[in-house]
Amino acid sequence: MHILWTGQTRCYDSGGKEIPCAGSGQDGEFRPGVPWPDPRFRCVGSDIVDDRATGLLWSADANLFAFPMSWQDGLDAIREMRGERAFGRDDWRLPNRRELRSLISHQAKKPALPAGHPFRNVFLGWYWTSTTSAMAPGYAWYVHLEGGRMFYGRKDSHYLVWPVSGQSGVLPATGQTTCFDIQGNEVPCDGSGQDGELEVGAGWPAHRFVPQQHGIEDILTGLVWYRRGDLLSRPASWDQALAAVTALAAETQIPWRLPTINELESLVDASAHTPALPDQHSFAGVQAAYWSSTTSGFEPDWAYALYLHKGAVGVGFKKNAEFYLWPVTAR
């Protein structure tokens, strides 16, 4: 399975009160995904941190350049790092959206990083990724380190840059294969340092989605998704979503559950939008946004949601009936 555990170990009701996890149907009960090693991080000298969960190597200083910069300036600054063989490595890059999100612990806040992490100068704000928004190519994806959300910002805006190096056999590629300038015009990828040039991450199988008896299997992750993305045919509150999936599991005798935010995000093809799914998918009833089983570590009366038309990772107030639900089970 190419999906990391979210880090969530606790469960909360829709008012944000901690509750026992048993029988809740929440992320904190099932804790699916690739577990984190203990300890997760290993310092390589004073300048590099090895993330043992992914195999990626990060600069120990999370604000290495000391100030925010535009997206293109960030790409250029890291290109200079490569040329200078900074810290003895020539493979530094701006992380893609999955690489940067892999650092997030959804049990944590301020910063939303695993407990005991060794990074210094972590800024509680937005950090650029190398991945362009397919919906708005003049924008690029960024991740907020205060709570763990992911959205996109104008490429000429100024945010933080956190270099990464090495390769991961755990994280899938994002699906992005083209490159764009700050105005959103397609440009040649060679030498750009963008996600579309490097395409790092585990490769996708030629036939990624395969119909099975009970649903559609994603061969990349080993997850089996309900054939339709609109189980209730209407938006639901978080409690309603959890209850509906529990009822489906009891009725079908299949261990359906509400997916974690990392499982939902694994469906995203960063080259696509409306919906941000691979072209070859055969799902029906796909909607714009979905609840996950993952509570917000920042505000536990909120839960994470995937805005599937955009590919964004946000949050929703648990009591509001504003998102759809899409059941998942393991192969």
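Which residues have the most contacts inside the largest nonpolar core? In this predicted model, local features need pLDDT of at least 70 and side-chain atom pairs count only at pLDDT 80 or more, while totals for chains, interfaces and linings use all residues. Residues are numbered from 1 along each chain as its sequence is written, and side-chain values use heavy atoms, with hydrogens and water left out.

The largest nonpolar core (a set of buried Ala, Val, Leu, Ile, Met, Phe, Trp, Tyr and Cys residues joined through side-chain atoms within 4.5 Å, where buried means under 20% relative accessible area with a 1.4 Å probe, protein chains only) has 49 residues, and those with the most contacts inside it are W58, L103, F119, W162, W225, F283 and W326. Leaving aside residues up to four places away in sequence, F283 touches F209, I216, W225, Y226, R227, L267, L277 and W326, a contact being heavy atoms within 4.5 Å. Another core of 18 residues lies apart from the largest one, and V224, A236, L248 and W291 are among its members.

The surface also offers pockets, each an open set of points on a 1 Å grid over the protein atoms alone where a 1.4 Å probe fits, with protein on both sides within 12 Å along at least five of seven lines, and lining residues have an atom within 4 Å of a point. The largest pocket has a volume of about 210 Å³, and of the 15 residues that line it, G7, T9, S105, Q107 and A108 lie nearest its centre. The second largest pocket holds about 160 Å³ of space, and its lining includes G23, E29, L242 and W256.

Definitions and conventions. Grid points are joined across faces, edges and corners, and a volume is the space filled by probe spheres set on the points. Buried means under 20% relative accessible area, exposed over 50%, partly exposed in between (1.4 Å probe, protein chains only).
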